[in-house]
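Let's take a walk through this one together. Have the viewer open so you can follow along.

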Amino acid sequence: MAKIDFTTYDTNGFYDEMVEMDGKVRPHYALFRERLQKMDWKKLNFLQYSTDRAQLSLGMTFNVYGDNQGIERILHLDIIPRIISKQDWEYLEKGLRQRIEALNIFINDIYNDQKIIRDKIIPEELIFSSSTFRGQCIGLNPPQNIWCHISGTDIIRGDDGSFYVLEDNLRCPSGVSYMLENREILKRTFPEIFENLHVRPVYNYSHHLRDMMESLAPVSPASIAVLTPGIYNSAYFEHAYLAQQMGAELVEGRDLVIKDDFVFMITTNGLQRVDVIYRRVDDDFIDPNVFRGDSMLGVPGLFEVYKKGNVVLANAPGTGVADDKAVYAYIPRIIKYYLGEEMILPNVQTYICAEKNDLDFVLDHMHELVIKQTDASGGYGMLIGPKSTKKEQEDFKEKIKNNPRNYIAQPTINLSRVPTLTENSIEGRHVDLRPYVLYGKEINIIPGALTRVALKKDSLVVNSSQGGGSKDTWVLDN
Amino acid sequence: MVEAKIPGSWITEIHEIMLSRVADSIYWMNRYLERAENYARFLDVNFNLSLELPPNISEEWKPLVLTTGDWKMYDTLYDKIDKEYVIYFLAFDQNNPNSIYNSIIKARENARAIRPEITKEVWEQINYIYYLVKEGHSKKQWQRSDPRNFFTEIKKGCQLLHGIFDATISRTDGWHFGKIGQLIERADKTSRVLDVKYHMLLPTPEAVGSPFDLLQWTALLKSVSAYDMYRKTNGKLTPIGISEFLILDKVFPRSMLRCLMHAENSLYKITGGSVGYSNIAEKKIGILKSQLEYGDINEIFHSGLHEYLDDFQVKLNEVSKAIFDTFFSIENVKK
């Protein structure tokens with residue numbers, strides 16, 4: 001049987017995480033590639049097959065939206081890992097720390113003093129027109145003034161080899177369970193490589209998550225619950241997984257009631273108090289009395305209890321204002337304003353359609369830009385200029401003109417690639433990177449991430465709902 | 001956590017806080033699994049029986065459907081009764097809410113809803129069975145000349161699952177709710193299997209006690225995995241002996257009495273009680289168990305076995321409803 005061979009591996013001119021342009025292996029990938037080359041195809045295909053089986057047996061499935069009753073899919077896990085050098089990671093960590101700290105101060109300011117608006121750093125109308133701004137949160141002071149306890153920032157690496165932040169996910173970022181389970185599976189796939197490479201462990205994420213939640217609680221010991229929309233939610237596997245790993249109760253809105261200004265779970269033993277809720281239900285749905293009245297997923301009266309300080313919600317409601325894609329363009333200025341520092345981890349250049357000059361430029365350059373709806377996520381509501389038809393561009397133009405505030409545009413960036421197992425070869429596929437940041441008493445960044453990979457040849461869309469898969473992400477310790 | 005001393009015992013039971021919805025799901029997850037396992041066994045045994053019939057006797061598949069209580073549904077869906085149709089209906093039909101296929105789908109659905117309450121081992125085994133039944137469906141097992149391997153796999157898969165459940169789950173309220181679900185389902189199925197003899201036709205009245213009659217009784221015992229234990233205890237196969245064994249035996253784990261004894265015990269473990277009753281669920285199950293405990297097989301035969309079993313099934317449903325009202329109904333707990 002033929003051995004794995006990289007002599008014909010082609011970077012096609014893209015930045016490749018494993019090899020340089022001339023085909024020379026990057027140092028942090030050297031050992032992995034050497035081991036891989038000793039393997040034959042039969043063995044590699046078998047390892048990939050076993051990985052698929054393991055995912056099924058672990059029930060690592062998700063439901064695709066609009067596909068309610070049943071088709072469950074697994075997020076394909078490609079067994080060739082994305083490896084990050086120690087040096088790159090230290091840089092990313094520093095950049096993320098700075099960014100999250102600044103964004104948290106920003107959110108607190110927006111809902112309290114609004115200094116940044118008064119000082120004219122960011123236009124008032126941009127904030128108040130954001131669909132993720134929550135007026136109900138004005139005057140709120142969450143414990144220790146921490147709002148975004150859990151975030152998952154999307155980072156990409158461009159052709160120039162530099163990292164860029166693509167999106168801040170400060171509401172209910174998902175995917176961390178894949179970071180954890182992918183690692184468990186890959187440890188079984190490549191045991192001897194793990195032994196020899198110093199890969200930093202990620203297993204303690206759930207301990208940190210629990211500690212962080214407890215540090216927020218008004219009482220000790222605290223009763224912690226994970227609030228899920230239910231089993232048909234696309235991220236249900238993760239909600240259940242995290243509840244289990246943390247030893248928290250997994251609850252749905254219908255399991256909770258408000259009584260005497262506290263939140264209680266309905267149990268076979270009567271009502272039991274809940275102190276901290278890691279809610280994986282969007283702001284709009286957590287409390288029909290305050291937010292969307294037609295929500296069946298939330299708990300009527302929850303927000304009132306929260307305001308009184310009798311329950312902690314993580315993340316706090318209203319954090320979405322800072323991951324609005326139009327606000328994103330102001331983040332360099334936000335960091336400078338609050339921390340007096342230059343931004344470490346750069347943004348992608350962004351055109352704000354709400355601004356006249358930018359709008360004109362965008363309308364003239366539809367075919368070369370990526371255009372995004374400011375409040376959408378998951379790869380929905382976007383147009384990839386170079387891959388779109390004239391008709392799609394015209395349709396999008398109309399949408400933008402009708403509501404410019406709702407759109408931004410960015411140049412198309414060629415995401416870096418990682419070798420990926422295809423039918424009968426190993427080819428480069430584009431990836432992004434989502435590390436997870438916990439913010440309680442301090443900022444804690446787990447040395448790992450979810451690497452999403454666009455499995456389709458030449459595709460730049462890594463979202464799971466649109467043909468994306470995942471890779472385990474190895475952060476090296478030396 | 002609430003600690004409750006069990007009177008007269010040095011063991012301290014720990015009552016974990018358990019959501020009513022979760023208790024409900026554990027209960028149903030176990031019921032559905034027990035149902036799937038029983039169906040697989042019925043089908044396996046009847047398939048075997050069909051291979052051994054005397055030449056003048058035609059295969060009987062209708063009694064099997066009657067056993068499950070879903071004859072009406074079958075009759076509206078199909079106008080033909082044969083091996084392939086009945087196997088399809090009981091094992092794979094998505095229109096039949098109680099088919100093996102749907103039972104396993106629903107068991108897994110419940111398991112998903114309570115994923116943090118069960119162990120990884122239990123969850124993995126449920127997924128194993130889930131993919132087993134899906135694969136069976138896509139391979140159209142009902143059209144195979146011999147689908148018994150499939151039934152064996154399902155049976156073993158469910159048994160292994162119950163074993164893992166017992167070996168890895170702490171004896172908290174959740175485990176006991178699961179047990180109650182399993183035992184109530186098992187008692188129901190045993191009573192139904194016994195009743196099937198009522199529907200099985202003998203060629204002539206004189207055939208009572210004939211080799212063919214015995215073949216049917218043997219199949220019936222095997223349908224509830226009772227053949228070996230019955231032989232060991234009673235030796236001779238007689239209708240009255242077999243009925244007594246399946247209804248009133250105090251030590252056979254699938255007898256109706258034994259199931260209720262254990263279900264009642266689990267209920268007491270949850271409530272902390274030991275005699276009498278403190279809620280409607282304990283009351284209903286206690287009365288039904290006593291009725292069996294003091295039952296006399298001759299009296300049962302005298303007043304009619306079929307009627308007796310019918311009455312049992314109605315009362316068992318009332319027990320199930322009482323458990324729901326007492327522990328799972330959110331409206332009740334809120335009060």
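What follows goes from a helix in chain A to a residue, a helix and a cavity in chain B. Keep in mind that this is a predicted model.

Start with helix 2 of chain A, residues 41-57. At 1.5 Å a residue, its 17 residues should span 24 Å, and the end C-alpha atoms are indeed 24 Å apart, so the expected and actual spans agree. Now look at which side chains are tucked away: Trp41(A), Leu44(A), Leu47(A), Gln48(A), Thr51(A), Ala54(A) and Gln55(A) are buried. Sight down the axis of helix 2 of chain A and those buried residues fall within an arc of 155°, so they line one face of the helix. The spacing fits a general rule: an α-helix has 3.6 residues a turn, so residues three or four places apart point the same way. On the face turned away from the buried side, you'll find the exposed residues Lys42(A) and Phe46(A).

What sits over the buried residues of helix 2? The cover includes helix 1 (27-37), strand 2 (72-74), strand 3 (77-84), helix 6 (176-189), strand 18 (417-421) and strand 19 (426-430) of chain A. Check the two ends as well. At the start of helix 2 of chain A, a side-chain oxygen of Asp40(A) comes within 3.2 Å of the backbone nitrogen of Lys42(A). Just after the helix, Gly59(A) adopts a positive phi of about 65°.

Over to chain B, and to Arg35(B), which is in helix 1 (residues 20-51). Is Arg35(B) buried or exposed? Its relative accessible area is 10%, so Arg35(B) is buried. Its side chain makes a polar contact of 2.8 Å with the side chain of Asn98(B). Leaving aside residues up to four places away in sequence, Arg35(B) touches Trp28(B), Asn98(B), Ser103(B), Glu185(B) and Lys189(B).

Next comes helix 9 of chain B, residues 211-223. Among its buried residues are Phe212(B), Trp217(B), Leu220(B) and Ser223(B). The buried residues of helix 9 pack against helix 1, helix 8 (173-199), helix 10 (227-234) and helix 11 (239-248) of chain B. After helix 9 comes Ser225(B), with a positive phi near 50°.

Finally, the empty space. The whole structure has four cavities of 30 Å³ or more, and the largest has a volume of about 110 Å³. Of the 13 residues lining that largest cavity, the closest to its centre are Asn46(B), Leu64(B), Val196(B), Met200(B) and Ser223(B). Helix 1 of chain B gives the largest share of the lining, four residues.

Conventions. Residues numbered from 1 in each chain as written. Chains lettered and ligands numbered in written order. Predicted model: local features only at pLDDT ≥ 70, side-chain atom pairs only at ≥ 80, totals over all residues. Heavy atoms only, no water. Helix = DSSP H or I, 4+ residues; strand = E, 2+ residues; numbered from the N terminus. Expected span 1.5 Å × (residues − 1). Buried < 20%, exposed > 50% of the residue type's maximum accessible area, 1.4 Å probe, protein only. Arc of directions from axis to C-beta. Contact = heavy atoms within 4.5 Å. Polar contact = N/O pair within 3.5 Å; in protein donor to acceptor, adjacent residues only side chain to side chain. 1 Å grid on protein atoms, 1.4 Å probe; cavity = no way out; pocket = protein on both sides within 12 Å on 5 of 7 lines; lining within 4 Å. Points joined across faces, edges and corners; volume = space filled by probe spheres on them.
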